[in-house]
Amino acid sequence: MKHLLYLAIPLCLLSACDVDRISETNLSDGSFWKSERDLKAATNYLYTFLPSLLVTSDNWSDDGFGTAPHTTSDGTRLAPATSGDYSTPYRIIRAASNIMEKSSLAENAGVPAQIVDIYVAEARFFRAWAYFQLVQKFGDVPLILGLLKEDSPELTAPRTPKEQVYEAIYADLDDAIAKLPTPTARGTAGYGRITNTAALAFKARVALFEGTRSKFHQYGDPNKHLSLAVAAAKEVMESGEHQLFDNYFGLFQYEGEGRQNRENMLVRQYGRNIADNISGYNCGTLINGATNATKALVDAYLMKDGLPIEISPLYTPPATFAETFIDRDERLNATIMKPGDPYFYSVPFVAPALVYHTTAYCPRKFVDAHTVGTGVTFIDYPIIRYAEVLLAYAEALYELNGSISDADLNASINLLRDRANLPDLTNAFVQDNGLDMRNELRRERRVELAMEGFRYWDLIRWKTAETELPKAILGSYFFADEPGFSTASPKLTPDNYILLQAAANRMFDPEKDYLWPLPVNELALNPQLKQNPYWE
């Protein structure tokens, strides 16, 4: 039985995962860990786990829809037998812990301690990253902070309370923040590697998540986490290392790549062209049904007077598809294809093809019109950007204090609104127009980070998934006489909007669905693991 556990344990703490570790497959420890090159080779493996650009996790939420309903979004998923959502983070943890433990061999071999410290700090960042993926989805999870042997008792240990997991995450991030170079010190040659401000920004992300989750789900110490989020975000803001890129659309094109764009804090690099190819991806997948914006997302974008469409005197229901984009927040134009945008080998976008663009709202972010037909694109994916830090600072400050000053809004949210050519958000503007500051801060986050994979987790931490996810998923108004619409016959609501999934077919159980189910095979391998409530 022990041998079976040794082979199947998802934590990848044993030799079942050695095939993924350069340092222990090709060379023995005695001949590896001798130089900075060895440390770098081992650490580079961790970067292969960075998220890929083809983000479809917005389909879990009310902001995105593919070509069919998603079981996470509509509440029909079942507990899986196995899942990379559980096993892959433990592979990262195993590889990161291995670097931490074996780094002393490199130092003993003459690698300067300050060089060793940087690679260990990168490993700590990735271990924190992996544990956050786990605790975000599953809540309490086994906490393993070292390498295990076949008979280690931790292999059959119960789940660790998540507050302890968060303490371990913060400890790893604090060590990384202290020892990682700044972006300036990394320079062009080190662009793409973890920096101290990226670690700070990630700490703000983690702390905002748990601070608001504990606040709205009513457990733990929300203010502790919210205070950490404010402090980490403020340290980034005061570092002088980052500023917003001047062109929101350009952020997601080649012009936004490289060290010259100080908004990007951590990216997955793809290269520049066939001659400079790191990996590449097919952006045609994005416009062929992988994900499409919903009516709920499009309706969230403000009019150019800074008011929601429900109350703005500028808004009138569009008479054509193109009118959807008139007098709106410029980020809508940068996120969704409108008629006339470069589309396929720079041929202008005319109208949605509803067989792919099921909501009629075709993605524009990350789509390079010049290469969309070639099957390979190299635009880098910004995983952490400075805009998120500004949003985290404003939200955490508001949730901590119950208010936010105009000065803090100017230092954060209004920088984003200025780039979008919107009026400033002020306390007076909110009061005079009958708005709610919390809702407006959340709106800014939703549209600034639209289709970048944040929305589902925001609904989870705000405890609004139970309200938003059971709603019908709608697309554009159906303009029956326009190209693209006239050749299709989708289901429609009584008021003529495209109906992708009716509310009757969607559900969210607040007693169950705020946590993900552990894979059932893991429960069989470790009887001490207990399934999350109501997933049995």
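This is a short conversation about how some labels on this predicted model are earned.

User: Why is Glu388 called buried?

Analyst: Glu388 has a relative accessible area of 4%. Buried means under 20%, so Glu388 at 4% is counted as buried.

User: What makes Glu388 and Arg205 a salt bridge?

Analyst: Their closest N and O atoms are 2.8 Å apart. The cut-off is a Lys or Arg side-chain nitrogen within 4 Å of a carboxyl oxygen of Asp or Glu, so the pair at 2.8 Å qualifies. The bridge links distant parts of the chain, with Glu388 in helix α13 (residues 386–401) and Arg205 in helix α9 (residues 196–217), 183 residues apart. Arg205 is buried too, with a relative accessible area of 17%.

User: How do you know that Glu238 is exposed, and what is Lys234 called?

Analyst: Happy to take both. Exposed means over 50%, and Glu238 has a relative accessible area of 59%, so Glu238 is exposed. Lys234 stands at 39%; that lies between the 20% and 50% limits, so Lys234 counts as partly exposed.

User: Why do Glu238 and Lys234 count as a salt bridge?

Analyst: The closest N and O atoms of Glu238 and Lys234 are 4.0 Å apart. The definition asks for within 4 Å, and the pair is listed as a salt bridge at that value.

User: What makes Lys463 and Glu466 a salt bridge, and are the two residues buried or partly exposed?

Analyst: Their side chains meet at 2.8 Å, N to O, and the cut-off is within 4 Å, so the label fits. Lys463 has 29% relative accessibility and counts as partly exposed; Glu466 is partly exposed as well, at 28%. Elsewhere, salt bridges that share partners join ten residues into one network: Glu263, Asp329, Arg331, Lys365, Arg385, Arg417, Arg419, Glu444, Glu448 and Glu452. A search of the whole structure finds 38 salt bridges.

User: What makes Val347 partly exposed, and which patch is it part of?

Analyst: Val347 has a relative accessible area of 48%. Partly exposed lies between 20% and 50%, so Val347 belongs in that class. A patch residue needs over 30% relative accessible area, and Val347 passes that limit with its 48%. Val347 joins Phe344 and Tyr345 in a nonpolar patch on the surface, with about 290 Å² of accessible area together. In the fold, Val347 is found in strand β7 (residues 347–348).

User: How do you know that helix α6 is mostly covered?

Analyst: Of its 26 residues, 21 are buried, and buried means under 20% relative accessible area. Helix α6 covers residues 113–138 and reaches 37 Å from its first C-alpha to its last, close to the 38 Å expected. Gly139 follows α6 with a positive phi, near 80°.

User: Where does α6 meet empty space?

Analyst: α6 gives two or more residues to the lining of the largest pocket, as do α5 (84–108), α9, β8 (381–385) and α18 (455–462). That pocket holds about 830 Å³ of space. Of the 32 residues that line the pocket, the closest to its centre are Pro51, Ser57, Trp129, Gln133 and Lys137.

User: What makes a space a cavity rather than a pocket, and how many cavities of 30 Å³ or more are there?

Analyst: In a cavity a 1.4 Å probe fits but cannot get out, whereas a pocket is open. The structure holds eight cavities of 30 Å³ or more. The largest cavity has a volume of about 170 Å³, and β2 gives the most to its lining, with four residues.

How values were computed. Residues are numbered from 1 along each chain as its sequence is written. This is a predicted model: local features need pLDDT of at least 70, side-chain atom pairs count only at pLDDT 80 or more; totals for chains, interfaces and linings use all residues. Side-chain values use heavy atoms; hydrogens and water are left out. The expected span of a helix is 1.5 Å times one less than its number of residues. Buried means under 20% relative accessible area, exposed over 50%, partly exposed in between (1.4 Å probe, protein chains only). Patches are made of residues with over 30% relative accessible area and no salt bridge: like charges are joined within 9 Å, nonpolar side chains (Val, Leu, Ile, Met, Phe, Trp, Tyr) within 5 Å. Accessible areas come from the Shrake-Rupley method with a 1.4 Å probe; for residues, only the protein chains shown count as cover. On a 1 Å grid over the protein atoms alone, a cavity is a set of points where a 1.4 Å probe fits but cannot get out, and a pocket is an open set with protein on both sides within 12 Å along at least five of seven lines; lining residues have an atom within 4 Å of a point. Grid points are joined across faces, edges and corners, and a volume is the space filled by probe spheres set on the points.
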